[in-house]
Amino acid sequence: MEITKAFSLVLRRIRKEKGLTHEKLAELAGLHPTTLSLLERDKRQPSITTVFLLAAGLGVEPEAFIYEIKKLRPKLRK
């Protein structure tokens, strides 16, 4: 699984677990709703800044994304 695909799945899962809409998470993270939609549909690769903004908006640590992605994709391509 590609890293961006794994990120999109993790982002969507955490957002839904927190009971947040696209619009609310975008507001909390200081991002445009379209940006969030593109990230969740694996149409855009997140920057490190975006990861930190999303983590803050979701109330999780940024490394939570990395940990969850590693669980989905244990062997990353070199």
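**Exercise 1. A pair within one helix**

How many residues apart are Glu27 and Lys24 in helix α2, and what separation along the helix is that?

Solution. The model is a predicted one.
Step 1: Glu27 and Lys24 are 3 residues apart in helix α2, which covers residues 22-29.
Step 2: An α-helix has 3.6 residues a turn, so residues three or four places apart point the same way.
Step 3: Glu27 and Lys24 are thus separated by about one helical turn.
Step 4: Their side chains meet in a salt bridge, with 3.5 Å from N to O.
Step 5: For the surroundings, take the relative accessibility: Glu27 has 56% and counts as exposed, while Lys24 has 36% and counts as partly exposed.

**Exercise 2. The two sides of α2**

Find which residues of α2 are buried, and state where they lie around the helix axis.

Solution.
Step 1: The buried residues of α2 are Leu25, Ala26 and Ala29.
Step 2: Viewed down the axis of α2, these buried residues fall within an arc of 100 degrees, so they line one face of the helix.
Step 3: The cover over the buried residues of α2 includes α1, α3 and α4.
Step 4: On the face turned away from the buried side, α2 carries the exposed residues Glu23 and Glu27.
Step 5: After α2 comes Gly30, which has a positive phi, near 75 degrees.

**Exercise 3. A link between α1 and α5**

Identify the salt-bridge partner of Arg13 in α5, and explain what the pair ties together.

Solution.
Step 1: The partner is Glu68, and the closest N and O atoms are 2.8 Å apart.
Step 2: Arg13 belongs to helix α1 and Glu68 to helix α5, so the pair ties together parts that are 55 residues apart in sequence.
Step 3: Arg13 has a relative accessible area of 33% and is partly exposed.
Step 4: Glu68, at 17% relative accessibility, counts as buried, the cut-off being under 20%.
Step 5: Arg13 and Glu68 belong to a network of salt bridges that also links Glu17 and Lys71.
Step 6: The count of salt bridges for the model comes to 6.

**Exercise 4. A link between α3 and α1**

Decide whether the partners in the salt bridge of Glu40 and Arg15 are buried or exposed.

Solution.
Step 1: Glu40 forms a salt bridge with Arg15, and the closest N and O atoms are 2.5 Å apart.
Step 2: This pair links distant parts of the chain, since Glu40 is in helix α3 (residues 33-40) and Arg15 in helix α1, 25 residues apart.
Step 3: Glu40 has 3% relative accessibility and counts as buried.
Step 4: Arg15 has a relative accessible area of 7% and is buried.

**Exercise 5. The largest pocket**

Describe the largest pocket by its volume, its central residues and the elements that line it.

Solution.
Step 1: The volume of the largest pocket is about 230 Å³.
Step 2: The lining consists of 14 residues, and the closest to the pocket centre are Ile3, Phe7, Val51, Ile66 and Ile69.
Step 3: Two or more lining residues come from each of α1 (3-17), α4 (48-58) and α5 (62-72).
Step 4: The largest share, 5 residues, is given by α5.
Step 5: Sorted by class, the lining has 10 nonpolar, 2 polar and 2 charged residues.

Technical notes: Residues numbered from 1 in each chain as written. Predicted model: local features only at pLDDT ≥ 70, side-chain atom pairs only at ≥ 80, totals over all residues. Heavy atoms only, no water. 1 Å grid on protein atoms, 1.4 Å probe; cavity = no way out; pocket = protein on both sides within 12 Å on 5 of 7 lines; lining within 4 Å. Points joined across faces, edges and corners; volume = space filled by probe spheres on them. Helix = DSSP H or I, 4+ residues; strand = E, 2+ residues; numbered from the N terminus. Nonpolar A, V, L, I, M, F, W, Y, C, P; charged D, E, K, R; others polar. Salt bridge = Lys/Arg side-chain N within 4 Å of Asp/Glu carboxyl O. Buried < 20%, exposed > 50% of the residue type's maximum accessible area, 1.4 Å probe, protein only. Arc of directions from axis to C-beta. Contact = heavy atoms within 4.5 Å.
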